[in-house]
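User: I would like to learn how to read the features of a protein model, beginning with the overall fold and moving on to side-chain pairs. Could you take me through an example?

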Amino acid sequence: PAADVETAYEAGQRVFGENYIGEMVEKAANLAHLSEIQWHFIGNLQKKNCSKLSTCKNLALVETVGSEKVARALSNGWLRNGPGSKLRVFVQVNTSREPQKSGCMPEELLPLADVITKECEGLQLAGVMTIGAFGYDWSQGVNPDFVELLECHKKLAAHLERDDLEISMGMSDDFVRAIEMGSTNVRVGSKIFGARN
C-alpha cells in the first residue's frame with residue numbers, strides 16, 4: 001500500500017519497485033509529493049502497456065525490457081510523455097530459458113542492446129536483469145542463472161565499450177548471494193513489506 005511506501009520513504013528509502021503498471025501509476029500519483037522518490041518497474045512489460053507506463057510520475061528505471069517491440073514502444077511513449085530526459089532501462093535476460101518467463105535469450109542480448117542504443121532515442125541502456133529459476137538449491141553450487149547473467153554483462157560491456165552497466169539479480173530469498181556474486185540491484189520487496197495478499 002502507498003502508506004507503507006510513505007513510511008519507508010520517511011525512514012530514508014528512496015527507490016521503490018513495482019510489478020504492476022496500474023498500481024505503480026496510481027501509487028506514483030498519490031505519492032508525487034515525495035520529492036526524491038524513484039520508481040523502478042520490475043514486472044512483465046508488454047508493448048501494449050508501454051504508453052501507460054511512460055506516464056508514471058518519478059519513473060526512474062524499467063528493468064524488464066525484453067524485446068525490440070517493447071523497447072521501441074517504451075521509447076516512443078517516453079518521448080511523448082516523459083520529462084525530457086532519457087529513461088534508464090535494463091534488458092531482461094531469460095537466463096533460465098523457461099518458456100513462461102519474459103526476457104530475451106542470452107544470444108539475443110547484443111542485437112537488442114544495439115536497437116536500444118542506436119534506435120531508441122528515449123532510452124538509456126543502463127544494465128541487465130534476470131529473475132532466474134525459482135527455488136534454486138544453493139547446496140548444488142552457485143546459481144547458473146546468475147553466472148549466465150554475469151557472462152551476459154561482461155559481453156555487453158565489451159560490446160558497448162562501457163564499464164558502468166549495472167547488474168540486477170537476486171530477490172528476497174537470495175539477494176545476499178546475488179550481491180556476493182556482483183549484483184548492483186536487488187529486489188527485496190517481500191522482505192521489507194511482506195508477501196502480497
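Analyst: The turns below go from the whole chain to aromatic rings, salt bridges and a single lysine. Please keep in mind throughout that this is a predicted model.

User: What does the secondary structure of the protein chain come to, and what radius of gyration does the protein chain have beside that of a compact globule?

Analyst: The protein chain comes to eight helices and seven strands. A compact globule with 197 residues would have a radius of gyration near 16 Å, and the chain has 16 Å, which agrees. Taken along the principal axes, the C-alpha atoms fill a box of roughly 45 × 40 × 30 Å.

User: How many of the residues count as buried, and what share of the contacts comes from residues 24 or more positions apart?

Analyst: Of the 197 residues, 45% count as buried. Among contacts with a separation of 6 or more, residues 24 or more positions apart account for 59%. As for the surface, the protein chain exposes about 10,200 Å², of which carbon and sulfur atoms supply 49%.

User: Turning to the rings, how many aromatic pairs does the structure hold, and how is a pair of aromatic rings described?

Analyst: A pair of aromatic rings is described by two quantities, the distance of the centres and the angle of the planes. The structure holds three aromatic pairs. In one of them, F16 and W39 have ring centres 6.0 Å apart and planes at 45°, so the pair is tilted. That pair links distant parts of the chain, since F16 is in strand β1 (residues 15-18) and W39 is in strand β2 (residues 38-41), 23 residues apart. Both F16 and W39 are buried.

User: How do the rings of Y136 and W138 lie relative to each other, and which residues do ring pairs link into a cluster?

Analyst: The ring centres of Y136 and W138 are 5.5 Å apart and the planes stand at 85°, so this pair is edge-to-face. Because the limit for burial is a relative accessible area under 20%, W138 at 17% is buried, whereas Y136 at 24% is partly exposed. Ring pairs link Y136, W138 and F146 into a cluster.

User: Where does R14 lie with respect to Y9, and with which residue does R14 form a salt bridge?

Analyst: R14 lies over the face of Y9, at 3.8 Å from the ring centre. As a general idea for the second part, side chains of opposite charge can pair when their charged atoms come close. Here R14 forms a salt bridge with E36, and the closest N and O atoms are 2.9 Å apart. R14 lies in the loop between α1 (2-10) and β1, and E36 in the loop between α2 (21-30) and β2, so the salt bridge ties together parts that are 22 residues apart in sequence. R14 counts as partly exposed at 25% relative accessibility, and E36 also counts as partly exposed, at 47%.

User: How many salt bridges does a search of the whole structure find, and where do R97 and E107 lie?

Analyst: The search finds ten salt bridges. One of them joins R97 to E107, with the closest N and O atoms 2.7 Å apart. Both R97 and E107 lie in the loop between β4 (87-92) and α5 (109-119), so the pair ties together parts that are ten residues apart in sequence. R97 is partly exposed, with a relative accessible area of 44%, while E107 is exposed, with 52%.

User: What distance goes with the salt bridge of D164 and R162, and which residues are joined into one network?

Analyst: The side chains of D164 and R162 meet at 2.9 Å, N to O. D164 is partly exposed at a relative accessible area of 45%, and R162 is likewise partly exposed, at 23%. Elsewhere, salt bridges that share partners join E68, R72 and E119 into one network.

User: As a last case, is K101 buried or exposed, and which residues does K101 touch beyond those up to four places away in sequence?

Analyst: K101 has its place in the loop between β4 and α5 and is buried, with a relative accessible area of 15%. Leaving aside residues up to four places away in sequence, K101 touches N94, S96, I131, G132, A133 and F134. The C-alpha atoms of K101 and S139, which are 38 residues apart along the chain, are separated by 24 Å.

Notes:
Residues numbered from 1 in each chain as written. Predicted model: local features only at pLDDT ≥ 70, side-chain atom pairs only at ≥ 80, totals over all residues. Heavy atoms only, no water. Phe/Tyr/Trp six-rings, centres within 6.5 Å; stacked < 30°, edge-to-face > 60°. Helix = DSSP H or I, 4+ residues; strand = E, 2+ residues; numbered from the N terminus. Buried < 20%, exposed > 50% of the residue type's maximum accessible area, 1.4 Å probe, protein only. Lys NZ or Arg CZ within 6 Å of the ring centre and 35° of its normal. Salt bridge = Lys/Arg side-chain N within 4 Å of Asp/Glu carboxyl O. Rg over C-alpha atoms; globule rule 2.2 N^0.38 Å. Contact = heavy atoms within 4.5 Å. Areas by Shrake-Rupley, 256 points an atom, 1.4 Å probe, with all protein chains shown as cover.
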